[in-house]
Amino acid sequence: MKSMIHAPALLALAVAATLGVDAAAAQSPANVPVEQCQSRRDRAPKAEELYPQATREAPGESASSRMGSKLNKLGTAFEKEQYAQVRELADEILAEDRANDYDKAYAAQLAANAAYSEDDTAAAKAYLQQTIELDALDNNGHYQSMMMLAQLQAQDEQTDESLATLDRYLTETQSDKPEDLALKGQLLYQAERYGEAVPALKQAIAASETPNAAWTQALMAAYAETGQAAEATALAEQIASQSPGDKRSQLNLASMYMQAERDDKAIEVMEKLRAEGQLTEDREYRNLVALHINSEGGEQKAIEVIEEGLQKGVLKEDHQTYVALAQAYYFSDQTEPAIEAYQKAAPLSDNGESYLNLAKILAGEGRDAEAKQAAQQALDKGLKRPEEAQQLLAR
């Protein structure tokens, strides 16, 4: 029996509120002339170069003196988190013929961050596209904007667009940062390009001293999707051993064991979770019931699990549950409770098959009148092969 693993979601985006913003300009008060801003920028310590391997040569253009007043107002509004005003001022600068490319790129970048802070990701992405196309910021600002765009595209499930943006970022920056590689691996997984996701995720994990658990889970899922069951199971065991209290890791391990047809190990994991009271969903109980029913002599354990699930209100009192209970009782030679379970299951079915099974058991117990009644109910609800019910009625 196979069970789907919990595929990893993309990591929660850690998009900074201000990525690559020119600190000197952002902090310039509105009443300080742009010449003084430039002087302050010249005296400020040079920012760390975040992309020393970048193939792009940073443009030398800087803020124009004629846009000084508007840039100062923009920076002050951003500092004060007046995001609506930031976007209004940025739009004015972007539409200004006298503004140079740096002025516009800087304005678009602040506007993107303002839009993101207002949960307007569509506008944030549009501003970031402008920032990148203007190609006027230094490498830090330019590539941080590109990464932010890739993240927001991923967040909006624009996987192909995000991968294209990220590939450009990685190509131009030559970045080997684990988080950048991991994002690519996760995006490739989301795009169902599992074979490509594996090496990207392995590289990210190898490059990090403390890999994020989500990266390892993504790699495990990619292994599973590419049929590398041994690698997936080994990784699932590693994750589970490192996080014994993490339910999802344990469920993933059980799923890997099921896919590897090691049901005894899957039962061991699931029963431990049940003993700890961690099985809280209908499907979790159903998976454990199926494991027990499919194992040699596991009917009594299946009954125990079903009864517990029903008592806790976790298992739904539906046809599937009562049929499983009836079968477990019947194949463990407990006829009377099997009859009772079928009596509960049959009215909940869309067809008459459960009534027919009930009729057969009743007939086998010599309870002919009840068997005929159940056979007629089976016919009334509909059977693919009504002959058996008709034979019971003719007895």
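These are my notebook entries on a predicted model of one protein chain.

**Entry 1: the whole chain**

I started with confidence, and the mean pLDDT of the chain is 89, with 88% of its residues at 70 or more. The weak stretch I noted is residues 1-44, where pLDDT stays under 50. The model still has 103 contacts beyond four places in sequence for that stretch, but I left them alone because predicted coordinates should not be read in detail where pLDDT is low.

Next I looked up the secondary structure and found 21 helices and zero strands. Of the 395 residues, 49% are buried. I also checked contacts between residues at least 6 apart in sequence, and 59% of them join residues at least 24 apart.

**Entry 2: helix 11**

Helix 11 covers residues 213-225, and I compared its span with expectation: 18 Å for its 13 residues, against 19 Å between the end C-alpha atoms, which agrees. How many of its residues are buried? I found 10 of the 13, so helix 11 is largely enclosed by the rest of the structure. Among them are Trp215, Gln217, Met220 and Tyr223. The buried residues pack against helix 9, helix 10, helix 12 and helix 13.

I then looked at the two ends. Asn212 caps the N-terminal end, with a side-chain oxygen 2.8 Å from the backbone nitrogen of Ala214. Just after the helix, Gly227 takes a positive phi of about 75°.

**Entry 3: Ala254 and helix 15**

Ala254 lies in helix 13 and counts as buried because its relative accessible area is 0%. Leaving aside neighbours within four places in sequence, I found Ala254 in contact with Ala266, Val269 and Met270. Its C-alpha is 9.3 Å from that of Thr233, 21 residues away along the chain.

Helix 13 also helps to cover the buried residues of helix 15, as do helix 14, helix 16 and helix 17. Those buried residues include Asp282, Glu284 and Arg286, along with Tyr285 and Leu288. Helix 15 has 12 residues and reaches 17 Å, close to the expected 16 Å.

**Entry 4: a buried acid**

Asp103 sits in helix 5. What is the nearest side chain of opposite charge to Asp103? I found Arg66, at 5.9 Å; Asp103 is buried yet has no salt bridge. The cut-off I kept in mind is 4 Å from nitrogen to carboxyl oxygen. The side chain of Asp103 does make a polar contact of 2.5 Å with that of Ser64. Beyond four places in sequence, Asp103 also touches Met67, Leu71 and Ile93, among others.

**Entry 5: salt bridges**

My search of the whole structure gave 24 salt bridges. I picked out a few to look at.

- Glu118 pairs with Arg87, with the closest N and O atoms 3.0 Å apart. Glu118 is in the loop between helix 5 and helix 6, while Arg87 is in helix 4, 31 residues apart. Glu118 is partly exposed at 35% relative accessibility, whereas Arg87 is buried at 18%.
- Glu96 meets Arg98 at 3.3 Å, N to O. Here Glu96 is buried at 17% and Arg98 is partly exposed at 46%.
- Lys360 meets Glu388 at 3.1 Å, N to O. Lys360 lies in helix 19 and Glu388 in helix 21, so the pair ties together parts 28 residues apart in sequence. Lys360 is partly exposed at 37%, and Glu388 is partly exposed at 38%.

Last, I noted a network of salt bridges that links Glu271, Arg274, Lys301, Glu304, Glu308 and Lys312.

Key. Residues numbered from 1 in each chain as written. Predicted model: local features only at pLDDT ≥ 70, side-chain atom pairs only at ≥ 80, totals over all residues. Heavy atoms only, no water. Helix = DSSP H or I, 4+ residues; strand = E, 2+ residues; numbered from the N terminus. Buried < 20%, exposed > 50% of the residue type's maximum accessible area, 1.4 Å probe, protein only. Lys, Arg positive; Asp, Glu negative; His and termini not counted. Polar contact = N/O pair within 3.5 Å; in protein donor to acceptor, adjacent residues only side chain to side chain. Contact = heavy atoms within 4.5 Å. Expected span 1.5 Å × (residues − 1). pLDDT = per-residue confidence, 0-100.
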